[in-house]
Amino acid sequence: MTAGVTAGVTGVPPSALDRLPTPCLVVDAAAAGRNIRRCADFFAAQRAALRPHFKAHKCTTLMRQQLAAGSCVGVTCQTSWEALVLARAGFPDILIANQVVDAAALDELAEAAAIARLTVAVDDDAQVGLLAAAASRHGVPVGVLIELDVGAGRCGLPLGDPSLVPLAEQIARQDRLSFRGLQAYEGHAVLRDSRSLPPGRTASPSATRCCSSRPTSTRLSTSTTGSSPGTAPRSPSGRSMAAGAIV
Ligand SMILES: Cc1ncc(COP(=O)(O)O)c(C=O)c1O
């Protein structure tokens with residue numbers, strides 16, 4: 001989606017909204033602008049940078065506004081197709097914050113990696129094999145994060161899982177893959193009144209414990225967390241934050 005950022009939607013009569021062909025993105029441009037500014041200002045004072053998530057609005061115009069506002073290290077998306085759209089639209093640094101195993105999706109991922117610096121999450125050695133094969137078939141470099149489950153109960157290695165370091169080593173051994181660090185989605189904070197997380201259930205303690213003192217190829221160069229609702233009352237625990245619900 002590239003167009004359709006409409007000014008003053010709040011002033012549009014419901015009858016006009018009723019006539020919009022759906023699905024379509026309806027944006028209160030002034031409110032979106034305020035939210036984007038506020039988020040960039042918040043992150044300007046943090047150790048972590050923003051990596052805004054594409055999945056929420058799927059709109060490259062809004063994504064450009066988010067990057068232009070500052071405090072960003074790149075963009076995040078959830079699927080290979082989104083990554084390809086972003087790469088073709090000129091976004092140079094893309095994280096797919098998800099595991100990719102489907103054959104067609106792996107080809108899309110590799111196509112995106114031919115255009116932009118691409119990073120993807122894994123939580124299993126079979127995924128590493130598939131990724132390595134796709135990267136070498138297409139002759140492209142792919143960065144890899146290992147996802148940890150810090151409580152959302154969706155994907156990721158359980159905290160303390162002994163396969164973490166062997167998995168990082170397996171990634172580092174692949175010609176076209178490089179191990180870039182860890183990902184942890186803190187979406188479970190959404191369901192907590194305080195939005196706070198129990199000790200040890202955020203990305204950073206696990207990140208620091210895990211691959212420090214390892215060979216250079218498996219040292220962390222980054223860690224990324226996610227979930228906007230968990231962000232507001234505290235400093236993000238990773239080095240970048242894949243926030244989606246902020247526009
Ligand atoms: C892995 C991951 N990171 C980041 C996000 C963005 O979360 P939010 O929209 O709460 O900011 C999501 C959303 O589901 C996600 O799955």
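Which residue stands opposite Val144 of S5? In this predicted model, that place is taken by Val120. The pair sits where strand S4 (residues 117–122) runs alongside S5, the two strands being parallel and held by four bridges. Val144 also stands opposite Phe179, a residue of S7. Strand S7 (residues 177–185) is parallel to S5 as well, with seven bridges between them. A further parallel partner is strand S6 (residues 157–158), which pairs with S5 over two bridges; here Leu148 has Leu157 as its bridge partner.

With those partners in place, how much of S5 is buried? Seven of the eight residues in S5 (residues 142–149) are buried, so the strand is largely enclosed by the rest of the structure. The link from S4 to S5 goes by way of helix H6 (residues 125–138), and the three elements form a right-handed β-α-β unit.

Zooming out for a moment, the protein chain carries eight helices and nine strands. Of its 247 residues, 43% count as buried. If one takes the contacts between residues at least 6 apart in sequence, 63% of them join residues at least 24 apart.

The largest nonpolar core has 60 residues, and the ones touching the most other members are Ala83, Ile94, Ile96, Leu109, Val120 and Leu131. Val120 is thus a familiar name, being the residue across from Val144. Leu131 ties in here too: leaving aside neighbours within four places in sequence, Leu131 is in contact with Leu106, Val120, Val122, Val142, Val144 and Leu177. In general terms, nonpolar side chains in soluble globular proteins tend to be buried together.

Helix H5 (residues 103–113) supplies some of these residues. Its buried members are Leu106, Glu108, Leu109, Ala110, Ala112 and Ala113. They pack against helix H4 (80–88), strand S3 (93–96), S4, H6 and S5.

Helix H3 (residues 60–69) is another story worth telling. Its buried residues are Leu62, Met63, Gln66 and Ala69. These four span an arc of only 120 degrees around the axis, which puts them on the same side of H3. The spacing fits a general rule: an α-helix has 3.6 residues a turn, so residues three or four places apart point the same way. The cover over the buried residues of H3 includes helix H2 (29–44) and strand S2 (75–77). Leu67 belongs to H3 too, but is partly exposed because 19 C-beta neighbours lie inside 10 Å, while burial takes 20 or more. The C-alpha atom of Leu67 is 9.2 Å from that of Ile36, although the two residues are 31 apart along the chain.

Just past H3 the backbone does something less ordinary. Gly70 follows the helix with a positive phi, near 100 degrees. Ser71, in the loop between H3 and S2, also has a positive phi, near 65 degrees, and is not a glycine. Is Ser71 buried or exposed? Ser71 counts as buried, because 20 C-beta neighbours lie inside 10 Å.

Lys58, another non-glycine residue, has a positive phi of about 50 degrees and lies in the loop between strand S1 (49–50) and H3. With 17 other C-beta atoms within 10 Å, Lys58 is partly exposed. Finally, the peptide bond between Thr22 and Pro23 is cis, with omega about 0 degrees; Pro23 is in the loop between helix H1 (14–18) and H2. For context, most residues other than glycine have a negative phi, and most peptide bonds are trans.

Note on methods: Residues are numbered from 1 along each chain as its sequence is written. This is a predicted model: local features need pLDDT of at least 70, side-chain atom pairs count only at pLDDT 80 or more; totals for chains, interfaces and linings use all residues. A residue is buried if 20 or more other C-beta atoms lie within 10 Å of its own, exposed if 12 or fewer, and partly exposed in between; C-beta atoms are placed from the backbone. Two strands pair if DSSP finds at least two bridges between them. A crossover is right-handed if, with the strands pointing away from the viewer, the path from the first strand over the helix to the second runs clockwise. Two residues are in contact if their C-beta atoms, placed from the backbone, lie within 7 Å. The arc is that of the directions from the helix axis to the C-beta atoms. A nonpolar core is a set of buried Ala, Val, Leu, Ile, Met, Phe, Trp, Tyr and Cys residues joined through C-beta atoms within 7 Å.
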